[in-house]
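Trainee: I have a structure to work through. Can we take it step by step?
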Amino acid sequence: MDKISYAVKLIKDGYKPYYFKPSKSIPATFDSKVTLISKDGDKKTIVFTGMEVSAADKAFMDYFTSEE
């Protein structure tokens, strides 16, 4: 299972957006990080690197902005 699928599975399992750092934030980096939190406070952070970054940025930017 790739990291994006894993993050989507966690969301379907009830995890909510907690924090997202896209690669294009300042300072710019070569990775993206998404942190999801469960109802009981369990945090999972997934770091996307390489070819996953642009797909993760697109998927999670849309998701996080729609949740606010």
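Mentor: We start with the sheet and then turn to the aromatic rings; keep in mind that this is a predicted model.

Trainee: In what order do the three strands of the open sheet lie?
Mentor: Look at the pairing. Five bridges join strand 1 to strand 2, residues 31-37. Seven bridges join strand 2 to strand 3. Both pairings are antiparallel, and the order is 1-2-3.

Trainee: Which strands have one side left without a neighbour in the sheet?
Mentor: Count partner strands. Each edge strand has a single partner, so one side stays without a neighbour in the sheet. The edges are strand 1 (16-21) and strand 3 (43-49).

Trainee: How many degrees does the twist average from one strand to the next?
Mentor: Stay with the open sheet of three strands. From one strand to the next, the twist averages 20 degrees.

Trainee: Which residue stands opposite Lys44?
Mentor: Lys44 is in strand 3. Go across to strand 2, where the bridge partner of Pro17 is found. That partner is Leu36, and opposite Lys44 stands Leu36.

Trainee: Which residue in the hairpin turn has a positive phi?
Mentor: The hairpin is formed by strand 2 and strand 3. Five residues lie between them. The phi of about 90 degrees belongs to Gly41.

Trainee: At what angle to strand 3 does helix 1 run?
Mentor: Helix 1 covers residues 3-12. It lies across strand 2 and strand 3. Relative to strand 3, helix 1 runs at about 155 degrees.

Trainee: Now the rings. How many aromatic pairs are there?
Mentor: Rings pair if their centres lie within 6.5 Å. By this rule the count is two.

Trainee: What kind of pair do Phe20 and Phe60 form?
Mentor: Their centres are 6.2 Å apart, with 50 degrees between the planes. Phe20 is in strand 1 and Phe60 in helix 2 (residues 52-67), 40 residues apart. The pair is tilted.

Trainee: Why is the pair of Phe48 and Phe60 stacked?
Mentor: Planes under 30 degrees apart count as stacked. The ring centres of Phe48 and Phe60 lie 5.7 Å apart, and the pair is stacked because the planes are at 25 degrees.

Trainee: Is Phe60 buried or exposed?
Mentor: Buried means under 20% relative accessible area. Phe60 has a relative accessible area of 2%, so Phe60 is buried.

Trainee: Which residues do the ring pairs link into a cluster?
Mentor: One pair is Phe20 with Phe60. Another is Phe48 with Phe60. The cluster is Phe20, Phe48 and Phe60.

Conventions. Residues numbered from 1 in each chain as written. Predicted model: local features only at pLDDT ≥ 70, side-chain atom pairs only at ≥ 80, totals over all residues. Heavy atoms only, no water. Pairing = 2+ DSSP bridges. Helix = DSSP H or I, 4+ residues; strand = E, 2+ residues; numbered from the N terminus. Axes fitted to C-alpha atoms, helices over the stretch in contact; angles between N-to-C directions. Contact = heavy atoms within 4.5 Å. Phe/Tyr/Trp six-rings, centres within 6.5 Å; stacked < 30°, edge-to-face > 60°. Buried < 20%, exposed > 50% of the residue type's maximum accessible area, 1.4 Å probe, protein only.
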